[in-house]
Amino acid sequence: MTGILGIYFFDERWNVCNFGVYGLMALQHRGEETFGLEIIGNSRNKIEGEGLVEKILINNKKINGHICLGAVSPSISEFQPFKLNDSVSLAIDGKIISIEDYRWDSTLSYENNLRRAFKGNKIEDTIDFFSRCKGGFSYIVVNDKKEMIAGRSSLGTKPLALGKMGFEGGIIASETCVMEVIGERVPISPAENIEPGEIRVFTPLSAYSECIENCTKRAYCSFEYVYLARPDSYINDIPVYRVRRRIGEILAEKDDIDADVVIGVPETAIPFAMAYSNKTGIPVEKGFEITGRRVRSAMKPNQLERLKGVQLKLNVISEVVRGKRIILIDDSIVRGNTLANIVYLMKEKGAKEVHVRIGSPRIISHCPFGVEIPPEDELIGRHLNEEKIAEVIGADSFRYLSIDDLAEAIGIKSEELCLGCFSNSYPEV
Amino acid sequence: MKVLLVGGAGREHAIAISLAKSSYSPRIYCISEMINIGIKKLVEQSNGEYFRGNINDPNIVSNIAEKIGADFVFIGPEEPNFHGVPDKLEEKGIPCIGANKAVSEIEMSKAHMRDIQWKYKIPGRLWYKKFKTFEEALPYIEEYADSIALKPARQVGGKGVKVIEDIQVYLQDDKKKLKIAHAESIVKEYMKDYDDTEYKLLIEERVWGPEYTLQCFTDGRSILPMPIVQDNKHAFDGDLGMETGGMGSISCGLTLKYGINDERSLLTREEYEKSAEIVKMMVDAIQKETGKKYHGVVAGQMMLTPVWGPTIIEMYSRFGDPEAINVLKALKTDLIEICEAIINEKLNTIKLEFDENAIVVKAVCPEGYPNRRDLAKNHPIKINNDIINNENIIWASVDINNGAIVTGGSRIVECIGIGNNIPEASLKAENLCEKISLEDGWRVFHRSDIGSEKFMERRFSLANLAREIYQYRERKGLLGKRIIWMPGKGLIEVG
């Protein structure tokens with residue numbers, strides 16, 4: 001997954017640079033490995049780098065322009081936005097799997113295939129191209145006529161939202177939290193969901209939307225709600241926080257454990273734990289303290305980095321666990337190393353019992369739409385049942401959320417969700 | 001009876017329709033700079049005459065009025081008021097519906113309007129500062145980082161206003177730069193052709209809440225308020241894009257209900273009455289200040305804000321455009337009877353009647369509007385009988401050029417939809433908008449969201465949010481007050 005951002009000011013006197021930087025910072029959770037920000041004004045310039053976006057501020061790089069296109073990516077090999085041709089730049093979240101009337105050349109890179117398939121530089125060329133692309137993706141394009149075109153593939157797999165800046169301009173971003181960080185205050189102009197198949201166009205003279213015809217099938221990514229998105233965002237008009245709270249409640253409803261304390265694994269699982277506690281009456285406590293910067297450890301590309309991240313992020317507070325029966329809640333379990341580490345630390349610090357609950361179904365399969373999930377032989381849930389996992393991580397009990405319960409928590413029918421990583425059954429693109 | 005209508009935009013077409021419907025069956029004459037084909041048709045049908053000319057020249061307008069022997073003149077737009085056209089007519093003994101030069105200051109000088117509001121302690125007054133030069137404003141903008149509206153201190157056709165929300169400290173420097181750049185262009189560009197106001201630039205506190213326009217007839221003694229209308233200023237769907245003269249307006253009953261038989265409304269009855277009271281106080285105050293009588297239409301372009309509840313954003317010395325279309329469509333009382341009552345200062349004998357229908361007006365504009373009217377101009381419009389004979393299509397900025405009907409650069413037409421509720425009326429307006437296109441294929445646009453269900457829900461929830469906050473302030477006795485604690489300086493009360 002990737003975080004993508006486009007900002008369009010109609011008044012050329014604005015400098016968009018800082019808006020772009022802070023906007024990308026609001027999307028940082030979608031990718032911490034590389035970033036890119038192209039600024040379009042009288043000329044086109046790009047800032048890109050590895051690591052966190054705030055580096056731009058530290059290096060005090062500032063360029064002028066009133067339009068920008070940016071992205072943050074969790075992959076060290078991916079630099080976005082990238083050029084489709086001399087005049088067109090693209091930022092894309094998700095994956096294009098095939099393109100109508102184009103034969104995919106497997107000897108070329110993904111980007112080069114897109115470059116080869118893409119023709120022209122006009123608004124219509126862009127709209128036509130992406131309507132021929134099959135897959136699960138959201139995109140933003142800027143061309144050298146100062147036109148910005150953004151859209152969501154017809155299944156709506158990846159999120160995309162529109163925000164406003166009064167009379168001054170508009171924002172397109174992966175998540176609505178961006179609008180709160182750089183946009184207009186919410187009660188006046190709430191962020192709007194861009195519908196699957198919808199295309200949003202900004203030109204120096206106009207802003208309008210178009211729709212791909214005949215797109216009624218949906219496959220909204222369910223993992224956005226569990227882990228990927230920020231809890232202060234709305235995905236498809238549904239508040240992410242509400243889903244996470246509901247997941248915690250459902251876990252509580254399905255449990256009947258006599259425990260002393262509920263602990264959520266930071267950051268994502270904290271709302272699950274709070275809701276679990278509110279539902280059961282078992283007090284929730286802060287179980288961990290962090291050393292250094294907050295990082296999304298699960299998104300680190302290699303094992304050592306992940307473990308470093310986990311150990312620094314998750315020092316167990318002894319006082320909270322000593323002598324206690326604990327309900328420990330995490331958002332997901334991929335390989336199981338993190339949880340094994342935590343449960344071990346808790347027991348070492350005197351926890352009497354540790355019951356692990358996962359706020360998502362077991363992950364058993366890859367994501368064809370760009371969410372970075374490890375190879376299938378690394379996925380603990382694909383190979384072991386709940387009982388065995390409990391033994392491996394040293395927990396007294398272990399349970400997942402069911403797929404049906406996840407759909408219920410989201411509030412979207414399961415036929416309209418992409419649940420591929422949990423079910424190994426994928427939407428037809 | 002002969003009536004001379006001054007102005008040729010959508011508002012004036014709506015006025016002409018109301019005049020034509022009158023039981024007095026007047027002969028309608030019109031003067032405007034461009035030829036509005038909608039008005040032209042009514043002029044011809046009533047055996048009147050259409051004049052092309054400068055409507056801001058008191059001599060030209062009054063000479064025509066004399067020549068045709070007009071019983072009275074109805075002035076549509078604001079500029080003839082500012083230029084003293086009503087005064088000249090009065091001098092010649094020709095009755096006129098239109099604010100005279102003195103009282104139209106209420107609109108022309110935005111700084112003067114605020115001065116009066118504060119002097120007479122009229123509720124709904126925003127905090128403001130006025131400046132004669134850019135240099136005078138500069139240190140002020142440098143020092144105070146806040147959300148503000150920068151306005152030309154004079155009404156310049158609704159242009160030049162910029163609202164900058166300045167809340168995020170990390171974006172403050174960029175916003176300050178733009179505030180400064182824009183303050184400079186207000187003084188040096190937008191105001192460069194106007195020397196009739198002392199102040200050039202106005203900085204006001206920025207407020208939020210649902211906007212509405214309350215238009216009233218007045219004879220200087222009493223005011224008769226009409227239903228409130230909500231205009232929508234953003235150029236594009238979803239309240240996105242540049243500020244325009246208005247892309248569409250909605251109304252239903254006095255308080256802007258969701259539908260004829262619906263409990264939900266934008267304003268409460270009390271808020272409606274309070275708004276009318278505020279407009280009345282403004283009229284009384286401007287008459288007291290100038291010693292002149294106000295004969296015509298006055299409107300408060302208002303907002304329900306958390307600070308005050310009903311709050312004046314600007315005043316109009318005439319009907320709003322497109323807001324005029326909503327109220328005139330709903331008006332059941334004979335417009336000429338109302339005009340006579342204004343002229344004779346007997347407005348208190350008139351009982352205004354309006355139907356309860358939901359009315360949605362949508363403007364169709366050529367691409368380029370509002371900022372690049374040069375590009376939006378002179379595109380031939382596709383005309384057929386369906387369009388030309390439709391009484392729910394109001395012609396706005398159009399002209400006749402070598403026999404062809406062409407765009408004038410601003411809104412082409414304003415389409416009216418009428419229904420039992422706003423979303424239903426919106427769909428009807430939508431169907432009319434689809435009929436408008438240009439011969440040369442130049443793109444036209446309109447706002448499809450205005451009046452949709454989602455749109456209404458949003459407007460109502462915004463009103464509720466603002467209402468909750470202002471009512472809390474009311475309960476605490478804090479309405480309109482701003483109390484700040486400055487470390488080291490203590491408690492400071494503003495307002």
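Which residues of chain B does UniProt list for "domain: ATP-grasp"? In an unreviewed entry, UniProt gives residues 114-344 of chain B for this domain. The model discussed here is predicted. Over residues 114-344, chain B is 32% helix and 26% strand, and the C-alpha atoms at the two ends lie 30 Å apart.

One helix pair of chain B can be described in detail. Helix α8(B), residues 134-143, packs against α9(B) at an angle of about 165°, and the two axes are 10 Å apart. Because angles over 145 degrees count as roughly antiparallel, α8(B) is roughly antiparallel to α9(B). The crossing of these two helices is right-handed. On the α8(B) side the contact is made by F134(B), A137(B), L138(B) and I141(B). Helix α9(B) contributes K176(B), K179(B), I180(B), A183(B), E184(B), V187(B) and K188(B).

Chain B also touches chain A. This contact takes 25 residues from chain B and 24 residues from chain A. On the chain B side, the elements that give two or more residues are α9 (172-190), β13 (234-236), β14 (240-243) and α16 (453-475). The largest share of that side, four residues, comes from β14(B). Helix α9(B) thus appears both in the packing with α8(B) and on the side of chain B that touches chain A.

The residue classes of the two sets are as follows.

| Set of residues | Nonpolar | Polar | Charged |
|---|---|---|---|
| Side of chain B that touches chain A | 13 residues | five residues | seven residues |
| Contact of α8(B) with α9(B) | seven residues | no residues | four residues |

Conventions: Residues numbered from 1 in each chain as written. Chains lettered and ligands numbered in written order. Predicted model: local features only at pLDDT ≥ 70, side-chain atom pairs only at ≥ 80, totals over all residues. Contact = placed C-beta atoms within 7 Å. Nonpolar A, V, L, I, M, F, W, Y, C, P; charged D, E, K, R; others polar. UniProt positions renumbered as here; feature names shortened; annotations may be inferred. Axes fitted to C-alpha atoms, helices over the stretch in contact; angles between N-to-C directions. Parallel < 35°, antiparallel > 145°, perpendicular 65-115°, else oblique. Left-handed = near helix turned anticlockwise from the far one by under 90°.
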